[in-house]
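This report is to be read beside the sequence and the 3D structure. Please consult both while following the description.

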Amino acid sequence: MYKVSIFAFLLVCFAEARAQELSLDQASDPASMVTRITIDLESYSFENGSMFYGIRPGYYYGLRNEKHLLGMSIPFMHNVFDGNYAGFENTTGFGDLKMSYLFVPYQKENVIGVERATFAFDVTAPTGEYLLGRGAGAWLYKPGIIIKWRIAESVIFYPEMRFQFSGSEANSGAGSDGAPDSEDPEKDDEIQNLSLSFPAVMNIDSWNGWFSLNALYTRSFSEDTNFFFMRMDIGKTIGRKSCASLRITKFIAGQPRLDLILQANLTFFMR
């Protein structure tokens with residue numbers, strides 16, 4: 001039912017848009033430095049049939065020089081466990097609070113080649129109850145770098161490298177990017193994940209939208225395991241200062257655990 005709601009939401013959002021003020025570069029940029037409000041609908045499915053759903057509102061404030069951006073988001077989640085976990089087969093509540101900071105030390109506008117280098121740092125606070133599968137139960141830290149590399153006027157690569165680690169043992173399986181482990185909600189090892197992603201974005205001016213493919217690799221040093229995912233994004237501007245997108249992430253290889261992620265996003269840019 002939740003997946004049907006996501007597609008119904010996007011069907012409405014992808015309706016014919018009027019005159020646009022929002023550029024496709026800005027709308028499709030995964031490291032945008034512009035002030036905005038976001039609403040994400042999320043669905044995480046695990047190999048054993050467990051899953052959780054969430055709605056994640058977020059606010060991101062960027063300085064006008066587009067050099068610094070601060071943001072935060074927190075999900076409201078509903079978990080469905082596949083098994084008997086002391087009566088906690090279905091639970092609802094808030095998840096972990098995520099805080100983000102982006103800094104741009106290098107930027108050139110509209111050049112073929114490297115346009116921008118961005119330093120990113122995420123901190124996740126353990127505000128969700130990990131025993132009910134709604135949080136990692138530990139502070140998570142995720143520094144990294146994101147490059148904007150334009151190879152053609154409408155084709156841009158955003159290679160990204162991150163290292164995520166926890167301050168203590170966490171309820172989050174390797175390869176899940178810090179998401180709570182709904183299969184087995186208890187603390188295991190500390191998180192030590194190196195992740196590489198290679199998204200290629202194609203802006204389609206005639207449709208006021210974009211399409212991207214992303215190969216994701218994660219190396220878990222705590223579990224000595226590799227994980228491979230493929231991600232597809234399709235998005236469209238739907239107003240003078242707003243856009244909507246659908247993201248599908250599928251497990252490809254490695255230790256089976258997190259299988260499929262569906263995410264629908266609605267973004268309102270404030271300037």
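The sections below treat the hairpins, the nonpolar cores and the largest pocket.

The model is predicted, so local features need pLDDT of at least 70 and side-chain atom pairs count only at pLDDT 80 or more, whereas totals for chains, interfaces and linings use all residues. Residues are numbered from 1 along each chain as its sequence is written, and side-chain values use heavy atoms, with hydrogens and water left out.

**Hairpins**

Strands are DSSP runs of E with at least two residues and helices are runs of H or I with at least four, each numbered from the N terminus; two strands pair if DSSP finds at least two bridges between them. The table sets out two strand pairings.

| Strands | Sense and bridges | Facing residues | Turn residue and phi |
|---|---|---|---|
| β11 (190–204) and β12 (209–220) | antiparallel, twelve bridges | Met202 and Phe211 | Asn208, positive, near 55 degrees |
| β12 and β13 (225–239) | antiparallel, twelve bridges | Tyr217 and Phe228 | Asp224, positive, about 55 degrees |

Four residues lie between β11 and β12, and four lie between β12 and β13.

**Nonpolar cores**

A nonpolar core is a set of buried Ala, Val, Leu, Ile, Met, Phe, Trp, Tyr and Cys residues joined through side-chain atoms within 4.5 Å. Buried means under 20% relative accessible area, exposed over 50%, and partly exposed in between, computed with a 1.4 Å probe on protein chains only. Ten residues make up the largest nonpolar core, including Leu22, Ala27, Trp210, Cys243 and Phe269. Apart from this core lies another, of eight residues, among them Ala31, Leu69, Val104 and Ile146.

Contact means heavy atoms within 4.5 Å. Not counting residues up to four places away in sequence, Cys243 touches Leu22, Ala27, Trp210 and Phe269, among others.

**Largest pocket**

A pocket is an open set of points on a 1 Å grid over the protein atoms alone, where a 1.4 Å probe fits, with protein on both sides within 12 Å along at least five of seven lines; lining residues have an atom within 4 Å of a point. The largest pocket holds about 250 Å³ of space, a volume being the space filled by probe spheres set on the points. Its lining has 16 residues, of which Asp25, Asp29, Glu66, Glu109 and Lys148 are the closest to the centre. By class, nine lining residues are charged (Asp, Glu, Lys and Arg), two are nonpolar (Ala, Val, Leu, Ile, Met, Phe, Trp, Tyr, Cys and Pro) and five are polar (the others, Gly among them). Helix α2 (24–28) and strands β7 (113–125) and β8 (140–152) each supply at least two lining residues.

Asp25 belongs to helix α2. With a relative accessible area of 19%, Asp25 is buried. Beyond its neighbours within four places in sequence, Asp25 contacts Lys148, Arg150, Ile156, Tyr158 and Asn203.
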